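Dear colleague,

I am passing on the structure we spoke about, and below it you will find my notes on what turned up when I went through it. Please keep it open beside the text as you read.

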Amino acid sequence: MTEPTTPLLPSVPVADGVDPRTANAWLHTARFLTTAPQLQHLPDLAVPEIAFVGRSNAGKSTCINTLTQQKRLAFASKTPGRTQSINLFALGKHNETDAVLADLPGYGYAAVPKEAKLRWQRVMANYLRTRPNLRGVVMMCDPRLGITELDDILLDVIRPRVQDGLKLLVLLTKSDKLTRVEGQKVLSITRLQAGGGEVKLFSALKKQGIDDVAQLLWAWARLPMPRIVAPEGDGVPPGGAEPDDDEPPSLDTP
Ligand SMILES: Nc1nc2c(ncn2[C@@H]2O[C@H](COP(=O)(O)OP(=O)(O)OP(=O)(O)O)[C@@H](O)[C@H]2O)c(=O)[nH]1
Ligand SMILES: [Mg+2]
């Protein structure tokens, strides 16, 4: 991790939303920053980080590629479990990174060996609980499944931080697979379930929802940083499950 980081962006009024062209141009600056199989490999960054989380195969990597208008920035694949580490992508002018996107491995993929699942669950829960510069979470859900039990567990993990100002967007992906009526129905149901977060429909295939999401992420990156709830020291919050023999949140089984 060599790229220098700049101080946090000044907070600006975003009530009316930025021109989507500005937000899209900003996202287009995305470039690979680093990959981290463990939390300790993540660089300490002073810029806001926006994490893409969700079940395996939900479309996280594809969404990042679509938003950044780049074909192969993040690894997307038909094979679930393609993303296996936390991959960071820097945004902003070259050498003036002003925000970071994080592509996280998905959960719920049955074919992953148990040990690897447990290791990943610990990494992800700790990342979401303690990453100091985490500004927002985009939770990707297949609208044909809606918010599943696994997604609910993840929402529980981040709830205290959402209450403290962490931004949350539940993105119903692959909306091209739904009729308009089905889309509206799942949107209203999910809005009732996504406590504290916004919900939007998105399709990489049909390019639906791109401007909305781009404007939202642009605005998030310019909000004042939420209060950091992660404790000093070992990075594990009181009651956090870090030791190997502790039970991590069950993000591996439906
Ligand atoms: N129809 C349709 N397919 C999509 C869309 N977005 C992603 N896909 C497909 O869904 C599959 C999984 O996409 P990925 O982006 O790799 O999913 P992921 O969430 O990153 O998966 P993991 O890295 O395994 O967690 C790929 O075959 C994509 O082409 C979409 O908007 N519409
Ligand atoms: Mg992926």
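In which loop is Q69 found? Q69 is in the loop between α2 and β3, where helices (H or I, at least four residues) and strands (E, at least two) are DSSP runs, numbered from the N terminus. Its phi is near 55 degrees, a positive value in a residue other than glycine, and with 14 C-beta neighbours inside 10 Å Q69 counts as partly exposed. A residue is called buried if 20 or more other C-beta atoms lie within 10 Å of its own, exposed if 12 or fewer, and partly exposed in between, with C-beta atoms placed from the backbone.

Please bear in mind that this is a predicted model, in which local features need pLDDT of at least 70 and side-chain atom pairs count only at pLDDT 80 or more, while totals for chains, interfaces and linings use all residues. Residues are numbered from 1 along each chain as its sequence is written, and chains are lettered from A and ligands numbered from 1 in the order in which they are written.

N57 also has a positive phi, near 80 degrees, in a residue other than glycine; N57 sits in the loop between β2 and α2 (60–67), and is buried, with 22 other C-beta atoms within 10 Å.

As for the overall layout, the chain has six helices and seven strands, which follow the pattern α-β-β-α-β-β-α-β-α-β-α-β-α along the sequence. Of its 254 residues, 44% count as buried.

The seven strands form an open sheet with mixed pairing, in the order β1-β3-β4-β2-β5-β6-β7, two strands being paired if DSSP finds at least two bridges between them. Because β1 (31–36) and β7 (198–201) stand at the edges with a single partner strand each, one side of each is left without a neighbour in the sheet.

At one edge, β1 pairs with β3 (residues 86–91) in the antiparallel sense over five bridges, and the bridge partner of R31 in β3 is A90. A90 counts as buried, with 23 C-beta neighbours inside 10 Å, and its C-alpha atom is separated by 9.3 Å from that of L27, although the two are 63 residues apart along the chain.

At the other edge, β6 and β7 pair in the parallel sense over four bridges, and L171 stands opposite K200 in β7. The chain crosses from β6 to β7 through helix α5 (residues 180–193), and this β-α-β crossover is right-handed, meaning that, with the strands pointing away from the viewer, the path from the first strand over the helix to the second runs clockwise. In β7, V199 and L201 make up a covered face, whereas E198 and K200 make up an uncovered one.

Finally, there is the packing of α1 (residues 20–28) against α6, which meet at an angle of about 75 degrees with their axes 8 Å apart; axes are lines fitted to C-alpha atoms, for helices over the stretch in contact, and angles run from 0 to 180 degrees between N-to-C directions. The helices α1 and α6 are therefore roughly perpendicular to each other (angles under 35 degrees count as roughly parallel, over 145 as roughly antiparallel, 65 to 115 as roughly perpendicular and the rest as oblique).

With best wishes
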